[in-house]
Structure formats: C-alpha cells, structure tokens
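Work through the exercises below with the sequence and the structure open beside you. Try each task before reading the solution that follows it.

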Amino acid sequence: MSLSASLSTANSSLFVTGERTSIVSRNIANADRPFYSKKSVSVVTIPGSGVKSSQVIRAEQPVLFRKVLTSSAAAATQGARLDALNFLNGTINDVELGSSPSALMNSFSNALQTFSAQPHSKLAAEAAVRSARDLADGLNNAASIIQQVRNESETGIQASVNRVNSLLADFKTVNDTIVKGTIMGSDVTDYLDQRDEILANLSNEIGVRTVTRDNNDMAIYTDGGVTLFDRSPRNVEFQRTLNLTPGVPGNAVVIDGVQVTGANATMPLQSGRLLGLVEARDDISLTYQAQLDEMARVLITAFAESDQSGGGGPDRAGLFTWPGSPAVPPAGTLISGLAGTIKVNSTVDPDLGGDAVLLRDGGINGAAYRYNSTPGDASFTDRIDELIGNMSETYAFDPAAKLAAGASITGFSGSSAAWLQEARKVADDAYAYQSTLLQRSYESFSNLTGVNLEEELALMLDLERSFQTSSKLVGVIDTMFTSLLAAIR
C-alpha cells in the first residue's frame, strides 16, 4: 500500500470516528428523553480508500411501538372511567357513616318502625319526618355530585379535543420535515423520534392506528377507522354545553364530519381518554342518575295519599313532593332529574312549622285525604303500617336504571349501591391491568430501542482508542513523508 493510500485510509478512519463519536454523544445527552431511540452510524469499506459513513441508523421496533400506543389508549380510557366512579363513590362514602341513599333509606324505614311502635309520640313523628328529610337531602346531594361529574367530564372532553387538534398540528410540522429530509437524504432520525412522541401523546387522548408510506410519510386513523391525518390534519369538533341537563346525553365529538361518540356514532372510538370521558358523562353518570331518580319517584308514589272521602279524587303527593306536585309521577316511567328536586312536604316538616303527626293521620292534602277518622286517636297506626308496607312492596323500575325491573324501594337502593361499587371495582381492576400492560410494553420497547448508558460509554472508550490509533498512523505517515522528502533533497 502506498503512503498516499495509507494516509487516505487513516484520514477516513478519523472522519468516521468523529461522526460516530458525535452520534454517541447525542445518545448520551438524550438518554433520559422519552421515545428517544438509539442512533448508530452505518460504516462501509471502500477498497483502497478506507471507510466512510453511509447513514445514521435509528433503532426501531414497530410492533412494540404499536403495542405501546394501544396500551396507552386503553389505560387512558379506564383511567377516565375510574376517576368518575371514584368521584361518584362520594355519594356512598364509608357505609358506617350512613350517608348513602341506601343507608338513609334504611334509617328512614327504622324511624317509621319506631313511630309505629309509639304512634302517640310527637317526638317519634318528628324524628321520622326529619329522617325522611335527610333521605331527600341525600338524594339531592347525590344528584348534585352526578351533575358535577358530568360537567367536569364535559370540560375534560373539550380539553381533550383541543389537545388532539394541537397534537395533529404539531404532527404535520414534523411529518413534513421528515418527508422533505428523506427525499433530500438528510438525517431525520431525531424528527422520527419527535413524531413517535407526538403519536404516544395522541394515543393517550384517542386510540390511533398508523400507516407509513413512501419517504417516511405517515397517515393516522382512529381505532374506529376515521381519518385523523392524511397529509393534513382533520378537524376534531365538539360543542361544549356549560350546564348539562339531567338525563340528557351531551353533544357528540365529530371528526372530519363523522360522528365518533354517542349512540348515533357511525365509526365510534374504541379507546382513549376522550372515550372514557364521554362514557363517564353519558353512560356511567346517566345510569346512576336514573337509579336515584327512580328511587325518588317510588318514594313519592309510596307515600302518596289517596282520597278517603269516597269522592274518587286523584292520588296526591304526600310526605314527599316534587315540582309536579300534587300529582303523583306515572308508574314505571323515569323522570330525569327527579332526585335533585324531591323534597319533604313543608306541611309535615316541624322545622318549617309543619305538623309531623299528619304522617300518622294523613290529611296532608286536606280533609278528604285524612286516614284517621277519629280526631285525637293517638293510637292510630293503620296509616303508618301501610307506609311501612309500601316500602316493602315490589315496584316496576325503568330499564334505564339497569337494575332489576321489579324490587322494593329498599332493595332497589341497596342494589344501586352494589352496582356502583361493582362498577368501580371492575374499572379499578381494568385500569390496573392496562397500566401494567402499558408499563411492560414501554419497558420492552425502551430496552430494545432506548439508550444504554453503559454500552454507550464503553463504545465511547473504543472510539477514543480508534481515534488515537488513527492519529498515530497519520503521525507515522507524516514522519515517513518527511524522511522521504529529505532523502530526495
């Protein structure tokens, strides 16, 4: 080999070593950055001229990355559901505190039993009425919590939609850069990392699938099949309602004119935080709302008064009233929002100047509705016993409550509490599973594509030795050239 060829080889080695050192330094500097992939330089040998770098190679695991995206979307769905259920659990709290609708229902039933045993006691009558008021207040508070959950979910949906649109705009910028860089033969590996990170953030909001085309161009679709990005982002639209109406689903999310949430969705979303928030707003909350509304309806019905005069007057709301009073709600028909408006009739509320004894005698709606035909009969218990029996009677409940179609009011309230706790447990288990799956998927992906600092530092030492060797070779060749020129002179 001539001295010129040897010098060319040594110089090419120095140049390639410098490029490789630069890449290793880049790896070390970004080792802690999420979704940064390990880079390496592809080196080729040129006969008679040494070596040269052909391109920067990026560590990739497409299958594992897709798993990370799907796991992220699934975990986000369950997380949004669990957050809503945990908030709704505030209507139950610790069962020993007795603040749940079911516990308040049992307390009211016990108060009626006590009043039946002491029909002459005004204190027992007032205690029963106050217990009824606590029950009504409990239903009001639970309905208020449901509305809070729904309104917060609505706010979350708007925030999620805004974030999706923002991420799609960022994706276009990065994707265009990648396509142009690929055509020009530039190093686009860092931009590919940025694009993966955007996709990971996007999958947290909405389930996505991707298709890679020529020149590293990429298209994005929802997991329901709607186009999110194809050379340009599609608009994700949502009209937020400031205060949702009880029992009425919120507005749907629309992508590129296609409805993707709600009962009429033609290509519905399958996962993502956005889906979980919609389910919390329109599925979980509305079902629980329906259960409370049905409790309120049956309470009004069970404690309604009927005409005792023989005149055939209509049944009228008694102990419990609602905005439609004095009429009684229709049987077996859900009245949305009723749990938030049920009250104890002021005519019997001792704290509002009412007479609690009317609970025993009847007549809340006037003399025609009086059950105790003997004025002053303090031992009269027929009406109280009838009311106690009404609480044990089987009623038809609306299917929207998603519980047994026929049950007693106390049994129904207990089933409602069990439904909420079971839904919360299922969501908690699902979230734990999906979170673990996401963690394991990301760890596997990171282990194969991420930066191992120990390996990079060891490679850096090898490159330093290679650089030193090539430098010494250049020095030797320089000495030989100097000697050769001196001999010629």
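**Exercise 1: a run of strands**

Strand S4 is joined to strand S5 (residues 227–230) by three bridges, and the two run antiparallel. The model is a predicted one, and the tasks should be read with that in mind.

Task: Find the bridge partner of Tyr-221 in S5, and find which residue in the hairpin of S4 and S5 takes a positive phi.

Solution: Begin with the pairing, where Tyr-221 has Thr-227 as its bridge partner in S5. Next, look at the four residues between the strands of this hairpin, where Gly-225 has a positive phi near 105°. Then turn to strand S3 (residues 208–212), which is antiparallel to S4 and joined to it by five bridges; here Thr-210 is partnered with Ile-220 of S4. S3 and S4 also form a hairpin, with five residues between them, and Asn-215 in that turn has a positive phi of about 60°. Finally, consider the surroundings of S4 (residues 218–222): four of its five residues are buried, so the strand is largely enclosed by the rest of the structure.

**Exercise 2: the span of a helix**

Task: Work out what span the 17 residues of helix H3 should have, and compare it with the distance between the end C-alpha atoms.

Solution: The expected span is 1.5 Å times one less than the number of residues, which for H3 (residues 101–117) gives 24 Å. The end C-alpha atoms are 24 Å apart, in agreement with that value. As a further step, look at the buried residues of H3, among them Pro-101, Leu-104, Phe-108 and Phe-115; what covers the buried residues includes helix H4 (122–184), helix H6 (273–302) and strand S9 (320–321).

**Exercise 3: aromatic pairs**

Task: Decide whether the pair of Phe-35 and Phe-445 is stacked, tilted or edge-to-face.

Solution: A search of the whole structure finds ten aromatic pairs. In this one, the ring centres are 6.2 Å apart and the planes stand at 45°, so the pair of Phe-35 and Phe-445 is tilted. Phe-35 lies in the loop between helix H1 (3–29) and strand S1 (39–46), while Phe-445 lies in helix H9, so the pair ties together parts that are 410 residues apart in sequence. For a second case, take Phe-108 and Phe-320, whose pair is edge-to-face, with 5.9 Å from centre to centre and 85° between the planes. Phe-108 belongs to helix H3 and Phe-320 to strand S9, so this pair ties together parts 212 residues apart in sequence, and both residues are buried.

Definitions and conventions:
Residues are numbered from 1 along each chain as its sequence is written. This is a predicted model: local features need pLDDT of at least 70, side-chain atom pairs count only at pLDDT 80 or more; totals for chains, interfaces and linings use all residues. Side-chain values use heavy atoms; hydrogens and water are left out. Buried means under 20% relative accessible area, exposed over 50%, partly exposed in between (1.4 Å probe, protein chains only). Contact means heavy atoms within 4.5 Å. Two strands pair if DSSP finds at least two bridges between them. Rings of Phe, Tyr and Trp (its six-membered ring) pair if their centres lie within 6.5 Å; planes under 30 degrees apart count as stacked, over 60 as edge-to-face and the rest as tilted.
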